[in-house]
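Colleague: I have a model open and could use a walk through it. Can we start with the helices and then move on to the sheet?

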Amino acid sequence: MKIRYKLFFSFSLYILLAVILAFFSYNELRTINTRLTSVELVDDISNIILEVRRYEKNFLLFRNEESFKEIRAYLTTLKKNIDGIKIEIVKEIGTNEYTLMKNTITEYEHHINNLANNLRSREKLTTEVEEMGILLEQNLHGKDLDSFLTLRKHEKNIMLSKDQTTYETFQSFNPLNLQGNSRIETYRGLVSKLFENYKTEKDLTDKIRSTAREMETITKNLSKKEREYIDVTLKKSGKLLLFGLLTIIILGIVINMKLSRNIAHPIKRLEGITKKIAKGDFSEMMEVKGTDEIASLEMSFNQMEKQLLDTKISLEHAIEKLSEKQAQLVETAKLATLGTFAAGVAHEINNPLAIINEKAGLMKDILEMSEDFKHKDRFLNMIDAIFKSVKRCRTITHRILGFSRKTEVSIETFDLNDMMREIAGFFEKEMLYKSIHLDLNLKENLPKVKSDKGQLQQVFLNIIKNAIDAVHDGGSIAVTTDNKDENMINVAIRDNGHGIPEKALQYIFEPFFTTKEKGKGTGLGLSITYGIIKNLGGDIHVESEVNKGTTFIVEVPVNSELTKGEIV
Ligand SMILES: Nc1ncnc2c1ncn2[C@@H]1O[C@H](COP(=O)(O)OP(=O)(O)OP(=O)(O)O)[C@@H](O)[C@H]1O
Ligand SMILES: [Mg+2]
């Protein structure tokens, strides 16, 4: 996957996680907020219930209208509060709990109202009982009055104790003298009603207390439940936050590690290898992994390194060639200077040589014309020796002048094999005389050479002449032509002559080095050959073994580096 996609996905994941965490945290906070509101509401309801209960106690104790009114007022507020609870909070509290609370309050209100009504009817009943009692007391006499007063005593006991036993005692007291008295029966009926009222009051009081307790329990439980829920939600939120933070931290570390492995590490390695390259060390390459931008950067870097290395190698090669050329140039310049110097010397020597030759001739003429005298023949022999020496000196000076004379290069295209056959032709007679066998191994279809034919002829004439001089009668010489490539032809001249001792090998290309007998060699042949071949851009090597033979290998460039008309 591409780095930019990797980065995009990593950061998107990171942001998504943070958003999810924020969403859940916000949700939890909202829940806590709603729960807190419901707790506050439930607490308010609890407080109102407490107030109701306070006035309920007063009402039950003093049975006064004020307390009842207060209870009613608080109950109205309570109902209003409960009805005003928003649906979402009702849901939070729980619809069942909410309905139960509402029903309990209605039930409580119902009981309180009943109790108030009961109290009101009791007052009436008490008055009726009292009035009927007084009326009967006034109309009864003697034993009847005594019995009735006893009954009234029981009535008073009922009013005081309001218990069942006292009522039963009242009911069971039924003296014969009062039986069948309708007024007494009415009185009894009124007392019974009063007792019933007492019973109802007791029953209602119990119901009121139990309903009130139920109301308290419901609100308490609700408040407790909500608080517990808040506590649980807070703990859950804390855990969620901790988990989210841990996940974000771990993900952050993982993303960082991945990015550092995918981006920072390769860049560090690139830096390391770049430093090595700067020091000229091309031994290390980048390891290409994957297909992302870093991988293509690594590939491009490797290509760049390879190209740099190639450039470095070709630069080194060019420098090597350049220094070779420079050395060649220096050598050529040296040769040219030496040639100029030698030509000057040769030229200067030529004039005195001519005078010596002329004077020696004059001396010879005078001597021949003059009469015989003692030592005349010796003088004539000495003059001949002068002639010989002058002749040798002339040969040397001519050769020197021939090499170092500033001639124009004449470039032409020719077949090297033809030229070798031509040269072989020059030595035909000499080789026949010495019974030397010549082998011409000339490779067919060699590229045509574009060079200075005259100078190349001189090169091979010198080498073949040396080979003829080195072999004994009946020896053999082989000339082989071959080409390594389109630009260079190799010519090998092998002989089975006396060879060159190892010590002499290093001097053979130096001017005037000769091992030939006095007067036979000038020692200039190979030095001139070397100069020419180097000038033409070629090279010359020699391999030799004493008594086995010598091989000269001449590398002839197909295209000479010299241009027509150049002066060497
Ligand atoms: N094919 C060969 N076999 C053995 N020695 C050789 C051969 N070619 C050259 N030499 C040695 O190298 C020396 C130098 O050769 P170079 O051609 O320069 O001079 P030279 O032949 O002695 O004199 P010149 O060339 O003037 O006749 C020779 O004297 C000879 O000792
Ligand atoms: Mg020679």
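Modeller: One definition to begin with: the expected span of a helix is 1.5 Å times one less than its number of residues. This is a predicted model, and helix α7 is where that rule is useful: residues 182-278 make 97 residues, and the helix reaches 138 Å from its first C-alpha to its last, close to the 144 Å expected.

Colleague: Where does α7 bend?

Modeller: At Ser260, by about 40°.

Colleague: And what is the phi of Gly280, just after α7?

Modeller: Gly280 takes a positive phi there, about 95°.

Colleague: What is the radius of gyration of the protein?

Modeller: The protein has 73 Å, whereas a compact globule of 568 residues would have one near 24 Å. Along the principal axes, the C-alpha atoms fill a box of roughly 240 × 45 × 40 Å.

Colleague: How many helices and strands in the protein?

Modeller: 14 helices and seven strands.

Colleague: Which domains does the assignment give?

Modeller: Domain 1 covers 3-245, domain 2 covers 287-406 and domain 3 covers 408-568. The centres of domain 2 and domain 3, taken over C-alpha atoms, are separated by 16 Å.

Colleague: On to the sheet. What is the strand order?

Modeller: The order is β2-β4-β5-β7-β6, in an open sheet of five strands with mixed pairing. The edge strands, each pairing on one side only, are β2 (437-442) and β6 (539-545). From one strand to the next the twist averages 15°.

Colleague: Do β4 and β5 run parallel or antiparallel?

Modeller: Antiparallel, with eight bridges joining β4 (residues 476-485) to β5 (residues 488-495). Within that pair, Ala478 stands opposite Arg494 in β5.

Colleague: Which strands does helix α12 touch?

Modeller: Helix α12 (residues 453-470) packs on the sheet and touches β4, β5 and β7, with its direction at about 20° to that of β5. Helix α10 (residues 416-426) lies across β2, β4, β5 and β7 (549-557), and runs at about 170° to β2.

Colleague: Back to the edge at β6. How many bridges join β6 to β7?

Modeller: Seven, and those two strands run antiparallel. Glu545 stands opposite Gly549 in β7.

Colleague: What about the hairpin of β6 and β7: how many residues lie between the strands?

Modeller: Three, and in this hairpin Asn547 takes a positive phi near 70°.

Definitions and conventions
Residues are numbered from 1 along each chain as its sequence is written. Chains are lettered from A and ligands numbered from 1 in the order in which they are written. This is a predicted model: local features need pLDDT of at least 70, side-chain atom pairs count only at pLDDT 80 or more; totals for chains, interfaces and linings use all residues. Two strands pair if DSSP finds at least two bridges between them. Helices (H or I, at least four residues) and strands (E, at least two) are DSSP runs, numbered from the N terminus. Axes are lines fitted to C-alpha atoms, for helices over the stretch in contact, and angles run from 0 to 180 degrees between N-to-C directions. Two residues are in contact if their C-beta atoms, placed from the backbone, lie within 7 Å. Domain bounds come from an automatic or database domain assignment. The bend at a residue is the angle between axes fitted to the seven residues ending there and the seven starting there. The radius of gyration is taken over C-alpha atoms; the globule rule is 2.2 Å times the number of residues to the power 0.38.
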